[in-house]
Each structure stands twice: as structure tokens, then as C-alpha cells.
Amino acid sequence: MKDLEEFFKLLDHFNLFLIEENEEIILKRYKDRVNNYKIDFEKEKYNIIDFIKDNKGLLIEILKKEKRKDNSNRDKIYKLSPLQEGMLFHGLYDEDSKAYVVQLIVDFPKGLNIDYLKSS
């Protein structure tokens, strides 16, 4: 990753953003956006993690300035539960982990209305 602008564009592409709490950086996902880039994310997640680690001080400084300017993103996110935070952490740091993978097959004998499913 070359610069901050490219990094923030990448986060936005995956519907992610950063917040600063107690000198730590927390990665969050927007609640009102759908992420259809799971495969792309698998390729980029370590670049994101490495960039955050390498530029932690600068990112904290930027996030603190943004926090002072405007807290408008606060209303656009759901706070993650401790379980969800753990799932996100392990999903980002252990690519091969299958601990939180749940597969399910559902049969719809009368068919499925894709428009209703998308709107829900």
C-alpha cells in the first residue's frame, strides 16, 4: 500500500472504517452497507493489518482529529458484541481458521423471491 488515501479507499471498498479508543485502533464495519467482496478481502486483509501496524501512530493522530471534528459515523454503525469482536479478530488474524464457519442448506419448496430477499 502506497499512501493513506489508497488505504482509506481500500477500507471503504470493503465497507470498513477505523476508530480510535484509548490509543488503540479498532476496525469496524458499516451497518448500512453490504459487503460482496469476501474473496477480494481475503487477498487484502494482511495488507490492511500490516498498514495499520506500520502506521499506528499516524492513524491514531488522524482519527483523533476526525473524532473532534465530527462524530457523524457514530449513528451509522452497530457496536459489535464481544463475540462478534472475537470473530472479526480471529477472521482477520487466522486465515485458515474454520472455527466460526457455519454451513447450512435450506430447501425452499415454493421457490425464493430474490427481490424480497435482497430488500430484507
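**Exercise 1. Classify lysine 45 by its accessibility, then examine its salt bridge.**

Step 1. Lysine 45 has 1% relative accessibility, so the residue counts as buried. The classes are buried (under 20% relative accessible area), exposed (over 50%) and partly exposed (in between), with a 1.4 Å probe and protein chains only.

Step 2. This is a predicted model: local features need pLDDT of at least 70, side-chain atom pairs count only at pLDDT 80 or more, and totals for chains, interfaces and linings use all residues. Residues are numbered from 1 along each chain as its sequence is written, and side-chain values use heavy atoms, with hydrogens and water left out.

Step 3. Lysine 45 meets glutamate 42 in a salt bridge, 3.1 Å from N to O. A salt bridge here is a side-chain nitrogen of Lys or Arg within 4 Å of a carboxyl oxygen of Asp or Glu.

Step 4. Glutamate 42 is partly exposed, at 27% relative accessible area. The two residues sit three apart in helix 2, so about one helical turn separates them. Helices (H or I, at least four residues) and strands (E, at least two) are DSSP runs, numbered from the N terminus.

**Exercise 2. Compare two further salt bridges among the five in the structure.**

Step 1. Take glutamate 5 and lysine 9. Their closest N and O atoms are 3.3 Å apart. Both residues lie in helix 1, four residues apart, about one turn. Glutamate 5 is exposed at 52%, and lysine 9 is exposed at 53%.

Step 2. Take lysine 56 and glutamate 24. Their closest N and O atoms are 3.4 Å apart. Lysine 56 belongs to helix 3 and glutamate 24 to strand 2, so this pair ties together parts 32 residues apart in sequence. Lysine 56 is partly exposed at 33%. Glutamate 24 is partly exposed at 43%.

**Exercise 3. Which side chain of opposite charge is nearest to the buried lysine 28?**

Step 1. Locate the residue. Lysine 28 lies in strand 2.

Step 2. Search for a partner. Lys and Arg count as positive, Asp and Glu as negative; His and the chain ends are not counted. The nearest opposite charge is glutamate 85, 4.6 Å away, and lysine 28 has no salt bridge.

Step 3. List the contacts (heavy atoms within 4.5 Å). Leaving aside neighbours within four places in sequence, lysine 28 touches Asn15, Leu16, Phe17, Ile19, Lys79 and Leu80.

**Exercise 4. Find the two asparagines with positive phi and place them.**

Step 1. Asparagine 15 has phi near 60 degrees. It sits in the loop between helix 1 and strand 1. Asparagine 15 is buried, at 7%.

Step 2. Asparagine 22 has phi near 55 degrees. It sits in the loop between strand 1 and strand 2. Asparagine 22 is exposed, at 72%.

Step 3. Strand 1 (residues 16-21) and strand 2 (residues 24-29) run antiparallel, joined by six bridges. Strands pair if DSSP finds at least two bridges between them. Isoleucine 19 has isoleucine 26 as its bridge partner in strand 2.

**Exercise 5. Trace the largest nonpolar core.**

Step 1. The core has 17 residues; Phe7, Leu11 and Ile25 are among those with the most contacts inside it. A nonpolar core is a set of buried Ala, Val, Leu, Ile, Met, Phe, Trp, Tyr and Cys residues joined through side-chain atoms within 4.5 Å.

Step 2. Helix 1, strand 1, strand 2, helix 2 (38-54) and helix 3 (56-69) each supply at least two residues. Helix 2 gives the largest share, five residues.
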